[in-house]
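Q: Please take a close look at one part of this model. Keep it brisk, as the structure is new to me.

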Amino acid sequence: MTSIRPAPAPAARASSPPEAGSLTATQRRLGRDWRLAALFLAPMAVLVGGLVLVPIAWSVVTSTTERHGQHSVFVGLANYTALARDEQFHAGVVNSFVFTAYAEVFKVVLGLSAALLLHHRRRGRAVLAGLLLLPWVVPTVVTAFSWRSLLDPIFGSVNMLLTDSGIGPLLARAHLVESWPAGWLSEASLAMPSVVLVNVWKGVPFFTVAFLAGLKAIPTDLYEAATVDGATPWQRFAHVTLPGLRHVITVTVTLSSIWTFNNFDLIWLLTQGGPGNATAPYVLVAYSKAILQLQYGAGAAVTLVMLPAIGGLVFVLVRLLRRDAGTEPPRRARRARTARTARTARKALPWAAAAAVAGLLAWASPHIAWKAAVVLGVLLLVAAAVGRVVSALGAWGRRRASSLVSGLASAVALAGLLVFVLAPLYWIAVTAFKSEGQIVMRDHDLWPTPWTLQQFADLFATKPFGRWYLNTVLVSVASTAVALVCAALAGYALARLRFRGAQSFTVTVLITYVMPGALLFIPLYQLLIGVRLTDSLWSLVVTYPTFTLPFATWLLAGYFASIPVELEEAALVDGCTRLQAFRRVVLPLAKPGLLAVALFTLTNAWNEFLFAFVFITKDEYKTLPVGMQSMITGDVVPQGQLAAASLLVSIPVVVMYAFGQRFLTEGITAGAVKG
């Protein structure tokens, strides 16, 4: 999942155009297929316009008002000026930047390392890639509760293992932690690193799959030529691998940065922004002001103030994707000296940006910066040492020893990565089958003795878990059906039909896809209150297309473009209308793409937390993520029941990905996302 291709330019679309003389004046002005395009794009335009563009515009209006009782009063820019003195907002902005920067650095390093380890393996690569993908597949609520239990200061396995190994007290003596046992999520100095760790665990699989696909696309001839020229492994990595992955890294980091910067659910489920405001991002500040304090204007101002940062990332992403698709206008040739200067500047820019970010992080959070630098430095030193050893052995001519050391180092690194990835999931699985006594007394911590279904029985007996499950299924299926129908029509129009504004509409789809829910939940909440749809499943069915429909349209537009035009032209020659050709020829051939879209949209709807958390308060209408979050009351955490619920929530998603892997791979490869 490395990059997204925009829909092909109109010149590459279906059937050859009729003679210019046969076109009407309207067709020459708006495009040959403008009528059919308007029909196909209408559902998409209505939903995106009504649920994304209009709410954002309404959010701008709301940010200039202040609530007094049941009425809103116009206050101009007062909400924005108040943010300059708001310490909670300042902390939220710093937390968002710190959280994003550290998470992206570690995800790139670990994701690239994992991709290189898998890329050089000849056997078991598909199985290992599937195992590494599990953290990305499982719902966020499962991720949060598994790590929250592991990091628990009293009952958590992390403190227990560090204490038994003697590492924990050593960390305390070295002042890396304030005290022992450590409160990973309850101490201000440890909470942010712990949240970053969990986000890295969740995000590394995405980077690994993206980088692995990018490595496959690098021609082997480049490596062979570099080897012939005497390049060392490090030189081949620096001068062949990294340049070959430059576009993949840029697009992946940009996409991931947008998602991480606007993260709400993972942080809320882990710490609720605490202790104090140590981990509260700007999204949580907006939620607190708008939903808890009912000051919609102040909350909207918080989200809109951050819009330039998000807009900058979106702008970079759109430019990269359009350049990748060849839709950027060609530039004039420059003089040789100017070209050399530009190349030097491009090489220096990443280092300058890294230095700027490092300086900002060191200033914003000095207690985190040096610890993260130590951890990252150790990782890089270990990798460099392994590379040096292998390179030296190869230079001495001891090929067997070099191969043995390289293979052993690769196996150790891969084993460590698998332990890091699978340990939380293993803990969830075994805890679900423990009795309450085993959990409290810590008996047989790594293996239930005896195995029992007590937690599952208690879950259904004491909680409306079955109702939550049914609600999630209904909402996910309904929103997926809406996304499939609208995306199929809009994707076909963008891929095949000739009409004016096709490229602009395509870019708009991309922008709405990466637009964060943080900008939408306040105006959508106001809209739902106005039409009295809060605390109903319809509120979720109506709003979920805001994040499923744009991606589905984007993917299907690329997939439809990959279907040979000649098949559709033959149907038109045989007397089919364009609608009949679409239904009888294009849709049957697009089944892999449709199944890939269905899998993605169904999974996203299954895992969604923010909208369901804001729009639903009654138990009878809650979905699984929100219902599981409500099972925690104060400091009482039913670990066994949460583990059982996590297992039941994760199984359907894992099964869907396992059985749909073939269709998913084909749909993504031929569609809008290369993978």
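Where does P450 lie?

A: P450 lies in the loop between α21 and α22, the latter spanning residues 454–462. Helices here are DSSP runs of H or I with at least four residues, strands are runs of E with at least two, and both are numbered from the N terminus. The model is predicted, so local features need pLDDT of at least 70, side-chain atom pairs count only at pLDDT 80 or more, and totals for chains, interfaces and linings use all residues. Residues are numbered from 1 along each chain as its sequence is written, and side-chain values use heavy atoms, with hydrogens and water left out.

Now the bond before P450. T449 and P450 are joined by a cis peptide bond. Its omega is about 0°. Most peptide bonds are trans.

Next, the helix on one side of this loop. Helix α21 covers residues 436–441. V440 is part of it. V440 counts as partly exposed because its relative accessibility is 45%; the term covers values between buried (under 20% relative accessible area) and exposed (over 50%), with a 1.4 Å probe and protein chains only.

V440 also helps form a nonpolar surface patch, together with I154, F155 and M441. The patch measures about 420 Å². Patches take residues with over 30% relative accessible area and no salt bridge, joining like charges within 9 Å and nonpolar side chains (Val, Leu, Ile, Met, Phe, Trp, Tyr) within 5 Å. A salt bridge is a side-chain nitrogen of Lys or Arg within 4 Å of a carboxyl oxygen of Asp or Glu. Accessible areas come from the Shrake-Rupley method with a 1.4 Å probe, and for residues only the protein chains shown count as cover.
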